[in-house]
Amino acid sequence: MGSPSNNTLNGGVIGAGSPYVAGGPVPPSTEKITSFTSSGTLTAQATSSVSYLVVAGGGGAGGHCGGANGGVGGGGAGGFRTATSAVPVVLDTEYTITVGAAGAGSSGRAIGGSGGNSTFSSITSAGGGGGASAFAAPSLAGGAGGSGGGGDGSTSSAGGAGNTPPQSPSQGNAGGDGANGAGGGGGASAVGANASPTNTGGVGGAGTANSTSGSSVTYAGGGGGGGHAGSAAGAGGAGGGGAGTTGPNGAVGTNGGTNLGGGAGGTGGAGPGSVVTGANGGSGIVIIKEPSATLPATAPGVWSMNTVYNNVKAGTWI
């Protein structure tokens with residue numbers, strides 16, 4: 001029988017201190033990958049270090065108002081963080097997972113909403129910055145975030161800052177500047193492009209490919225900038241970045257990719273008298289990969305009530 005020192009304050013179940021043939025949890029033998037597309041809880045299958053991908057929500061596009069022909073900045077991608085065997089977890093311990101919501105597109109003269117942060121343990125990825133809008137107060141520039149939102153075309157404003165060095169770790173890149181056409185939102189791998197001299201909206205910054213889920217998927221692309229009336233719009237960055245649109249009718253850009261953390265595409269120039277609500281960013285995702293981990297060949301003799309409950313509930317108690 002196990003030593004009394006193995007018991008817990010909240011009670012426990014005593015079993016044979018012998019091989020796992022009865023009265024204990026099933027030893028895990030294969031890696032486990034859990035993808036969270038909404039907030040939830042991870043219960044660790046063993047005491048080990050796990051790999052993770054934490055992508056925040058992408059930023060929304062700014063609104064547009066009548067009489068301003070310049071495009072609206074694309075939303076910045078959600079912050080992107082990943083590492084292999086980097087975070088320690090403890091068997092049967094519950095870890096809260098937060099998946100960042102999409103940044104909302106704003107209406108009229110207002111910058112797009114920032115995406116929500118995503119978290120796992122001590123790891124936090126910052127939501128993407130919103131795309132800039134014409135004459136928005138208090139700032140004309142794109143919003144700062146994991147990646148920054150693009151600058152507005154009507155006022156030729158600057159793109160927002162991304163979470164880049166000397167901040168550590170880097171999560172994304174800055175948005176591009178506006179110049180009649182609007183700047184593209186920043187992405188995980190590249191800055192958003194500045195609007196071209198011909199009034200075309202800037203392309204959204206590219207995202208980054210990752211295979212924590214078991215297959216390669218590209219995440220966190222920036223939204224394309226809206227185009228000046230009569231010109232072209234910027235394409236969205238690879239990894240869920242929404243495409244921008246062009247004027248003069250204020251067509252709304254494409255939403256960022258859901259569970260990819262993509263930034264919203266910017267709206268094109270709007271005609272007189274119109275008030276346009278911008279596109280939304282894309283929600284984030286959290287993926288945890290636990291390695292193969294076999295429990296000791298012999299039972300400890302005493303299991304905590306929490307261990308018993310979790311394994312019985314999961315059907316993994318022998």
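## Strand β7 and its partners

In this predicted model, L42 stands opposite Y95 in β7. The pairing of β7 with strand β3, residues 40–43, is antiparallel and comprises 4 bridges. Strand β8, residues 118–120, also pairs with β7 in the antiparallel sense, here over 2 bridges. Within β8, T119 is the bridge partner of T98.

## Two faces of β7

In a regular strand, side chains alternate between the two faces of the sheet. Strand β7 shows such alternation: Y95 and I97 point to one face and are buried. The side chains of E94, T96 and T98 point to the other face and are not buried.

Which residues does I97 touch, leaving aside those up to four places away in sequence? The contacts of I97 are F36, S39, G40, L42, T119, F120 and V286.

## The largest nonpolar core

The largest nonpolar core of the model consists of 15 residues. Those with the most contacts inside this core are F36, L42, Y52, I97, F120, V286 and I288. Two or more residues are given to the core by each of β4 (48–55), β6 (80–89), β7 (94–98) and β13 (285–290). Strand β4 supplies the largest share, 3 residues.

I97 thus appears both among the core residues with the most contacts and on the buried face of β7.

## A separate core

Another core, of 9 residues, lies apart from the largest one. Its members include V55, F80, A220 and I285.

Note on methods. Residues are numbered from 1 along each chain as its sequence is written. This is a predicted model: local features need pLDDT of at least 70, side-chain atom pairs count only at pLDDT 80 or more; totals for chains, interfaces and linings use all residues. Side-chain values use heavy atoms; hydrogens and water are left out. A nonpolar core is a set of buried Ala, Val, Leu, Ile, Met, Phe, Trp, Tyr and Cys residues joined through side-chain atoms within 4.5 Å. Buried means under 20% relative accessible area, exposed over 50%, partly exposed in between (1.4 Å probe, protein chains only). Contact means heavy atoms within 4.5 Å. Two strands pair if DSSP finds at least two bridges between them.
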